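Here's a quick briefing to read with the model open beside you. It goes residue by residue in places, so keep the sequence handy.

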Amino acid sequence: MRAVAFASVSVLVLGAAGFLLFQAFWKPNLPRMAGNVIDISADMGGFTRKEVRVKAGQPVTVRLRSLDNSHHTDGGGKHQWAVDELDVNIIAPPLGSSSATFTADRPGTYTFYCDICCGGRANPTMSGRLVVTG
Ligand SMILES: [Cu+2]
């Protein structure tokens, strides 16, 4: 009985350690999504894209991925992709992703930003341009 208990605990501990290592080093591609999807990742260094172009009147899905884990003291590993004028506010959990679908009605240039980490939207690396073309 003791041996069984010991074995179970060992498996749990090793499993947990393996899971943490796996999480830290393996960043798989996200599954495909239907529709017009724009993938953007963010970490403490900023967004992987500084400019996103979409067409006015066409629905688009932005999928934001956070490459930071929850051990980050600044923002807890979360990142945001928000565009005030279009009422879009995506918050990706640590090492996870989140998406929103929206339609920009009018052509123009808007600012997207993350206001969660590193000085928030005042930090130039944590913002970019959303260009809506006609
Ligand atoms: Cu951020």
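**Strand 7 and its neighbours**

A100 comes out as partly exposed, because its relative accessibility is 22%. Keep in mind that this is a predicted model. A100 sits in strand 7, and a good way into the structure is to follow its contacts from there, then move on to the copper site and the chain as a whole.

**A100 and T61**

- Setting aside neighbours within four places in sequence, A100 is in contact with V60, T61, V62, V88 and I90.
- Take T61 from that list: A100 and T61 are 39 residues apart in sequence, yet their C-alpha atoms are 5.5 Å apart in space.
- T61 belongs to strand 4, which covers residues 59-66.
- Is T61 buried or exposed? T61 is buried, because its relative accessibility is 7% and the cut-off for buried is under 20%.
- A100 has 22% relative accessibility, so it falls in the partly exposed class.
- Beyond four places in sequence, T61 is in contact with S99, A100 and T101, and also with M33, N36, V37 and I38.

**R63, also in strand 4**

- R63 lies in strand 4, and with a relative accessible area of 7% it's buried.
- What does R63 touch, leaving aside neighbours within four places in sequence? Its contacts are L30, P31, M33, V37, I38, D39, I40, S97, S98 and S99.
- M33, V37, I38 and S99 are among the contacts of R63, and they're also among those of T61.
- R63 and W81 are 18 residues apart along the chain, with their C-alpha atoms 9.1 Å apart.

**The copper site**

- Which protein atoms act as donors to the copper ion? They are ND1 of H79, SG of C114 and SG of C117, at 2.0 to 2.4 Å from the ion.
- Along the chain, the donors follow the spacing H-x34-C-x2-C.
- H79 and C114 link distant parts of the chain, being 35 residues apart. H79 is in strand 5 (residues 79-83), while C114 is in the loop between strand 8 (108-113) and strand 9 (127-133).
- H79 counts as buried, because its relative accessibility is 0%.
- C114 is buried too, with a relative accessible area of 0%.

**Loops with a positive phi**

- Most residues other than glycine have a negative phi, and here are two that go the other way.
- D87 isn't a glycine, but its phi is positive at about 60°.
- D87 is in the loop between strand 5 and strand 6 (88-92), and it's exposed, with a relative accessible area of 73%.
- L95 isn't a glycine either, and its phi is positive at about 55°.
- L95 lies in the loop between strand 6 and strand 7 (97-103), where it's partly exposed, with a relative accessible area of 27%.

**N69, a loop residue that touches L95**

- N69 is in the loop between strand 4 and strand 5.
- Leaving aside neighbours within four places in sequence, N69 is in contact with G76, G77, P94 and L95.
- N69 counts as partly exposed, because its relative accessibility is 27%.
- N69 and D43 are 26 residues apart in sequence, and 9.4 Å separates their C-alpha atoms.

**The chain as a whole**

- How many helices and strands does the chain have? There's one helix, plus nine strands.
- In sequence order, the pattern reads α-β-β-β-β-β-β-β-β-β.
- The radius of gyration is 19 Å, well over the 14 Å that the globule rule gives for 134 residues, so the chain is more spread out than a compact globule.
- Taken along the principal axes, the C-alpha atoms fill a box of roughly 70 × 35 × 20 Å.
- Of the 134 residues, 31% are buried.
- Of the contacts between residues at least 6 apart in sequence, 65% join residues at least 24 apart.
- The chain exposes about 8,200 Å², with carbon and sulfur atoms supplying 57% of it.
- The chain carries 13 positive and 10 negative charges, and the mean positions of the two sets are 8 Å apart.

Definitions and conventions
Residues are numbered from 1 along each chain as its sequence is written. This is a predicted model: local features need pLDDT of at least 70, side-chain atom pairs count only at pLDDT 80 or more; totals for chains, interfaces and linings use all residues. Side-chain values use heavy atoms; hydrogens and water are left out. Donors are N, O and S atoms within 2.8 Å of the metal (3.2 Å for Na, K and Ca); water is not among the atoms, so sites may look incomplete. Helices (H or I, at least four residues) and strands (E, at least two) are DSSP runs, numbered from the N terminus. Buried means under 20% relative accessible area, exposed over 50%, partly exposed in between (1.4 Å probe, protein chains only). The radius of gyration is taken over C-alpha atoms; the globule rule is 2.2 Å times the number of residues to the power 0.38. Contact means heavy atoms within 4.5 Å. Accessible areas come from the Shrake-Rupley method with a 1.4 Å probe; for residues, only the protein chains shown count as cover. Lys and Arg count as positive and Asp and Glu as negative; His and the chain ends are not counted. The place of a charge is taken as NZ of Lys, CZ of Arg, CG of Asp or CD of Glu.
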